[in-house]
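Trainee: I have a new structure open and would like to get to know it. Could we go through it together, one question at a time?

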Amino acid sequence: MRNPLFWRLCAIIAVGTVLLFLAISWLTNHTETSMSFIAKEHQQQLLEYGKHAEQILQQQGEVALAQWLKELQQKENTWAAVVTSKITPFADSKLSNTFVDRFQLGRSVEWKVHLYFQENPTIEVPFSDSSTHFLIRLPQRMRPGALLTYAKVLLQIALPLILLCILSFVLYQHVMAPLRRLENATKAFSEGNLDARINISELHRNDELTRLAGTFDQMAERISQLINNQRQLLADLSHELRTPLTRIDMAVDFVEQQINPQQAIERLRYEASTMRNLVEDTLTLAWLNTESPRLDSDDFDLVELIQVICDDARFEYPNRKLITQLPDKGLITKSSQLALGQAIENIIRNGLRHTPEESEVEVSLTQTLSGFKLMIKDQGPGVPEEMLSDIFKPFFRVDKARATNSILNDTNTNRGFGLGLALAYRQIAAVGGCITAVNHYSESGRLSGLQIIITLPN
């Protein structure tokens, strides 16, 4: 569902509004009903008036009753009377017992009083003979609903305000829960905690805010990875530069002391070239890591590119055999000839460097439904299985001693620093491909070399 947060907020507001009106309606009716009955002490007072009137009539007569009624009316500032009722049916009609039992000239003290009527109701207290009735208009002091005005203010203003505040708080908490976690994670990340994450799985929801939190986690993961990679790259580069700088210092000393000056100058040229290539490769690697570019501006023949690289490699390594199995054509579109050429060249030269003399390196290209599959298989010492994924990390070397010898003996390249495969990995990723490494074994089960597999889109 699109915009789940919008619909969730709409649902909360709609349900909250309906519940608000229901609560106000129910409380209003309940309050008005509870305030519409005469208070118990007033009910008892009215019943006492009726009982006292009956006693005066029976014991002292009508004159005394009249005097008492006059005093009562003055006391309560209302109207009161004692009347008789005798219903006589005619025309051969009959009264039901229910009607006779329920017949009253006024209201019972237990009946509900309508608060919105201007005049007070007449209250009836029947005598024991059921035909004589004490009537009194409800005194104003006994009228229920004295606090109705205050109750209306409370129910129509204070109660809606409280309920709306509760609804607003619910909405606020619902919206602010992920935003608060985002704020805390952002603050921690800005203070240098690169592991700070929101962890959207703990929010147990899926809406625009959690997608924002997920985007932040992805951004934080990417930035922390870049920062850690840059830190590691700088640390590795500074470490790798110490060796050529030490050799340069030694060569300078030899020149100053006139000890084999020509050889020292050659060493200076070689170390300067080594450092230049090392820095250039490191900067290229840093750019690929930071920018993550998509290189898709070239259309070219992959077979022709591989043939040119292999011809150059055969010239540089005449004591190795480089065997190719290529189709006639391999048109590849939306790629980068420069980046892909550098990557393939690094991998082929890496295989030739670690392959013994008079042994062979096999390069084969096959076309698949989705693109091309390029395999470079050497006959070198291979790589321990647990390190197969590590060989694509910058400055990683399985055997540092072998790498050092490679630097001293092979003046054509400085890939012994462990940047060749790292560059190749990122260059191939930049053109939309992927690269993996596996060991291959002989029929007897002996490790017989390393195989690099590259898949490319066409």
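Trainee: How many salt bridges does the structure hold?

Mentor: Good place to begin, and please keep in mind that this is a predicted model. A salt bridge here needs a side-chain nitrogen of Lys or Arg within 4 Å of a carboxyl oxygen of Asp or Glu. With that cut-off, the number of salt bridges in the structure is 10.

Trainee: Which residue forms a salt bridge with R141?

Mentor: Look for a pair whose closest N and O atoms are 2.9 Å apart. R141 sits in the loop between β3 (132-137) and α5, while its partner is in helix α3 (residues 62-76), so the pair ties together parts that are 65 residues apart in sequence. The partner of R141 is E76.

Trainee: Is E76 buried or exposed?

Mentor: Buried means under 20% relative accessible area. R141, at 49%, counts as partly exposed. E76 has a relative accessible area of 7%, so E76 is buried.

Trainee: How far apart in sequence are the parts that R197 and E221 tie together?

Mentor: R197 and E221 form a salt bridge, with their closest N and O atoms 2.9 Å apart. E221 is partly exposed, its relative accessible area being 43%. R197 lies in the loop between α5 and α6 and E221 in helix α6, so the distance along the sequence is 24 residues.

Trainee: Which helices hold E316 and R349?

Mentor: The side chains of E316 and R349 meet in a salt bridge of 2.4 Å, N to O. This pair ties together parts that are 33 residues apart in sequence, because E316 lies in helix α8 (residues 302-316) and R349 in helix α9 (residues 337-353).

Trainee: Is R349 buried or exposed?

Mentor: The cut-off for buried is under 20% relative accessible area. E316 counts as partly exposed at 28%. R349 has a relative accessibility of 17%, so R349 counts as buried.

Trainee: Which residues are joined into one network by salt bridges that share partners?

Mentor: Here, salt bridges with shared partners link residues into a single network. Its members are R247, R267 and E271.

Trainee: Let's turn to the pockets. Which element gives the most to the lining of the largest pocket?

Mentor: The largest pocket has a volume of about 510 Å³. It is lined by 19 residues, and the closest to its centre are Q225, N229, N289, Y425 and R426. Two or more lining residues come from each of α6 (208-256), α7 (261-291) and α11 (420-430). With 6 residues, the element that gives the most is α6.

Trainee: How many residues in the lining of the largest pocket are charged?

Mentor: The lining divides into three classes. There are 8 nonpolar and 6 polar residues, and the number of charged ones is 5.

Trainee: Which element supplies the largest share of the lining of the second largest pocket?

Mentor: This pocket has a volume of about 290 Å³. Of its 15 lining residues, S85, V100, F103, S130 and H133 are the closest to its centre. The elements giving two or more residues are α4 (97-102) and β2 (122-126). The largest share, 3 residues, comes from α4.

Trainee: How many nonpolar residues does the lining of the second largest pocket have?

Mentor: By class, this lining includes 5 polar and 4 charged residues. Its number of nonpolar residues is 6.

Trainee: What about enclosed spaces: which element gives the largest share of the lining of the second largest cavity?

Mentor: The whole structure has 4 cavities of 30 Å³ or more, and the second largest holds about 40 Å³ of space. Its lining consists of T28, E32, L148, A151, K152, L155 and Q156. Both α1 (4-34) and α5 supply at least two of these residues. The largest share, 5 residues, comes from α5.

Trainee: Last one, on the surface: which helix holds Y172?

Mentor: Y172 helps to make a nonpolar surface patch of about 500 Å², together with I162, I166, F169 and V170. At 44% relative accessibility, Y172 counts as partly exposed. The helix that holds Y172, spanning residues 148-190, is α5.

Terms used:
Residues are numbered from 1 along each chain as its sequence is written. This is a predicted model: local features need pLDDT of at least 70, side-chain atom pairs count only at pLDDT 80 or more; totals for chains, interfaces and linings use all residues. Side-chain values use heavy atoms; hydrogens and water are left out. On a 1 Å grid over the protein atoms alone, a cavity is a set of points where a 1.4 Å probe fits but cannot get out, and a pocket is an open set with protein on both sides within 12 Å along at least five of seven lines; lining residues have an atom within 4 Å of a point. Grid points are joined across faces, edges and corners, and a volume is the space filled by probe spheres set on the points. Helices (H or I, at least four residues) and strands (E, at least two) are DSSP runs, numbered from the N terminus. Ala, Val, Leu, Ile, Met, Phe, Trp, Tyr, Cys and Pro count as nonpolar, Asp, Glu, Lys and Arg as charged, and the others, Gly among them, as polar. Patches are made of residues with over 30% relative accessible area and no salt bridge: like charges are joined within 9 Å, nonpolar side chains (Val, Leu, Ile, Met, Phe, Trp, Tyr) within 5 Å. Accessible areas come from the Shrake-Rupley method with a 1.4 Å probe; for residues, only the protein chains shown count as cover. Buried means under 20% relative accessible area, exposed over 50%, partly exposed in between (1.4 Å probe, protein chains only).
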